[in-house]
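Here are some short exercises on how a protein surrounds a small molecule and where open space is left. Try each task before you read its solution.

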Amino acid sequence: MSQFVVDADWLHWHQSPSVPDFKVPEGAVDAHCHVFGPGDQFPFAPQRKYTPCDASKDQLWALRDYLGFSRNVIVQATCHGADNRALVDALNHSNGLARGVATVTESITDEALQSLHEAGVRGVRFNFVKRLVDALPFDALKVIADKIKPLGWHIVIYFEAQELPELYDFFTALPTTVVVDHMGRPDVSKPLDGPEFALFLKLLAENENFWSKVSCPERISKVGPTGSYEDVVPFARTVVERFPDRVLWGTDWPHPNMKSHMPDDGHLVDMIPKIAPTEALQKKLLIDNPMRLYWAD
Ligand SMILES: O=C(O)c1cc(C(=O)O)oc(=O)c1
């Protein structure tokens, strides 16, 4: 039993996802997912903005196998703050089949970074989404960026489209590979060729160190699951087709903070051929790109 009280409006992850029609290629990586707790073993952070239900490493491995994936990239969830113990525990019990993205503060020591590296961490996350975190000041983030660069790590950034103009110059000055979470959360009710999405495409086009996850149609879509998240497809497909060597895909399981509905993970997998319509694009998205970024060694 968790010693924490789960948020009253928390939606539990899907208990019986469908078997996807799309068969992912052998060796595919789910490059964005999380573990929560279990809360009685790995306490949630005091400063967290939400308290989830448990979502353990074993439940994640079960989903991986069920959907046909081979590997996971586990991204430190904000409910665990900069306490990476649940993440490290999952990595240490993954038989090398999971890598991680941690959250750290500017005071982290080189020894602590080295020990995260040995566990399989290959990046840090900078989060600017106000409902999730109180973001660290730019100066602190710069200190972290300089500390992780020698390890060959990358920086994962999470922000919403309307924040990009004010964050743009900070982002482009980062000294490492930078991976944008969930396509920079575009507003898909705005035109695909409008100025907001154009700025995101410019970020990728003019900065070859920038990658994007084409994940989370369930968060981005206005038409929702009954409309098969179709409104997200042109945005994601544009990113995949223009930057095929710098895109990643992930389930985002266990889908923190979904309020409208809980996605069926099998249906999310069935979106892959819509956004990456050829076998060559699918192989880059699901295997070549994540393997290059997370399993280069
Ligand atoms: O949009 C979100 O609520 C969300 C939250 C987290 C997290 O709490 O780490 O991670 C995500 O990828 C997405």
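**Exercise 1.** In this predicted model, find how the lining of the largest pocket divides by residue class.

*Solution.* Start with the classes: the lining has 11 nonpolar, seven polar and four charged residues. Next, look at the whole set: 22 residues line this pocket, and those nearest its centre are Gly81, Thr103, Val133, Asp134 and Leu136. Finally, add the space, which is about 390 Å³.

**Exercise 2.** Which strand or helix gives the largest share of the lining of the largest pocket?

*Solution.* First list the candidates: strand S4 (121-127) and helix H4 (138-148) each provide at least two lining residues. Then pick the top contributor: S4, with three residues, has the largest share.

**Exercise 3.** Now turn to the ligand. Where does the ligand sit, and which residues come nearest to it?

*Solution.* Begin with the place: the ligand is in the largest cavity. Then turn to its neighbours: 16 residues surround the ligand, and Tyr50, Thr78, Arg125, Arg131 and Tyr158 come nearest. Sorted by class, this shell holds five nonpolar, six polar and five charged residues.

**Exercise 4.** Take the side chains of His32, Tyr50 and Asp252, and decide whether each makes a polar contact with the ligand, using a cut-off of 3.5 Å between N or O atoms.

*Solution.* Go through the distances from a ligand oxygen to an N or O atom of each side chain. For His32 the distance is 2.9 Å. For Tyr50 it is 2.5 Å. For Asp252 it is 3.4 Å. Each pair is within 3.5 Å, so each counts as a polar contact. As a last step, consider cover: alone, the ligand exposes 330 Å², and the protein buries 100% of that.

Key
Residues are numbered from 1 along each chain as its sequence is written. This is a predicted model: local features need pLDDT of at least 70, side-chain atom pairs count only at pLDDT 80 or more; totals for chains, interfaces and linings use all residues. Side-chain values use heavy atoms; hydrogens and water are left out. A residue is near a molecule or strand if one of its heavy atoms lies within 4 Å of it. A polar contact is a pair of N or O atoms within 3.5 Å; within protein, one must be able to donate a hydrogen and the other to accept it, and residues adjacent in sequence count only if both atoms are side-chain atoms. Accessible areas come from the Shrake-Rupley method with a 1.4 Å probe; for residues, only the protein chains shown count as cover. On a 1 Å grid over the protein atoms alone, a cavity is a set of points where a 1.4 Å probe fits but cannot get out, and a pocket is an open set with protein on both sides within 12 Å along at least five of seven lines; lining residues have an atom within 4 Å of a point. A molecule sits in a cavity or pocket if more than half of its atoms lie within 2 Å of its grid points. Ala, Val, Leu, Ile, Met, Phe, Trp, Tyr, Cys and Pro count as nonpolar, Asp, Glu, Lys and Arg as charged, and the others, Gly among them, as polar. Grid points are joined across faces, edges and corners, and a volume is the space filled by probe spheres set on the points. Helices (H or I, at least four residues) and strands (E, at least two) are DSSP runs, numbered from the N terminus.
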